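I opened a fresh page for this chain and meant to go from the whole to one part of it. The sequence and the structure come before my notes.

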Amino acid sequence: MILYPTETVYALGVGVFDNVEITKLFALKNRSADKSVSWLVRSLADITEYAELSHIAEKIAERFLPGPLTLVLPAKATVPKMYIGEDQTIGFRISSDRYAHEIISDFMKEYGMPLTCTSANVSGLPTLSTSAEILNQFGSKQSLIDTVYDGGVRIGVPSTIVQVMDNHITVLREGSISKSTILNF
């Protein structure tokens, strides 16, 4: 498990198909296992490997990715159900952060799968701006994190989450990109 910076907040990363590490991740965050986590990928081509990309979703991705957007899309039937949300979707991030891009490029080259991209905080507690604050928040559980990539202070505003289903756009969380910017692109 790694702690790494994105252009918005720090994230926790494990291989998305690694059941042992996923279990550790949920234990660290004190998060219910029935909640899905977003995936960090390198490019739009990676997204199309795992999800259905409608014309509107593609236009949103081309406009806002890489960047502070999580794009939630219907998972392809080839993705095992245990790795996707109850609504059969996957949230994807393509980070514009230099560190995050290098990390995911190296990870996917070596392991052939995306990394999780979930905020580095205990569920229900605020997201913090530095790796030291984050580790402190996790207390004794911080030992579950194998590697920390310190990218300095992050802005602390999470990504905007946009779901695109059947060419219908729903802003699930307004973050760094405003709802009006998404809906009026």
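My entries below begin with the chain as a whole and end with one sheet.

Entry on the model: I noted before anything else that this is a predicted model, and I read every value with that in mind.

Entry on the overall build: I looked up the secondary structure and found six helices and 10 strands in the chain. The radius of gyration is 15 Å, close to the 16 Å that the globule rule gives for 185 residues, so I wrote the chain down as being as compact as a globular protein of that length. For its extent, I noted that the C-alpha trace spans about 45 × 35 × 30 Å along its principal axes.

Entry on the inside and the surface: I found that 47% of the 185 residues are buried, while the chain exposes about 8800 Å², of which carbon and sulfur atoms supply 51%. Among contacts with a separation of 6 or more, 65% are between residues 24 or more positions apart.

Entry on charge: I noted 16 positive and 20 negative side chains, with the centres of the two sets lying 3 Å apart.

Entry on one sheet: I then turned to an open sheet of four strands, which has mixed pairing and the order β7-β2-β1-β8. Its edges are β7 (118–119) and β8 (147–148), and because each has a single partner strand, one side of each is left without a neighbour in the sheet. Where does β8 meet its partner, strand β1? I found that β1 (residues 2–5) and β8 run parallel and are joined by two bridges, and that Ile2 stands opposite Thr147 in β8.

Note on methods:
Residues numbered from 1 in each chain as written. Predicted model: local features only at pLDDT ≥ 70, side-chain atom pairs only at ≥ 80, totals over all residues. Heavy atoms only, no water. Pairing = 2+ DSSP bridges. Rg over C-alpha atoms; globule rule 2.2 N^0.38 Å. Buried < 20%, exposed > 50% of the residue type's maximum accessible area, 1.4 Å probe, protein only. Contact = heavy atoms within 4.5 Å. Areas by Shrake-Rupley, 256 points an atom, 1.4 Å probe, with all protein chains shown as cover. Lys, Arg positive; Asp, Glu negative; His and termini not counted. Charge placed at Lys NZ, Arg CZ, Asp CG, Glu CD.
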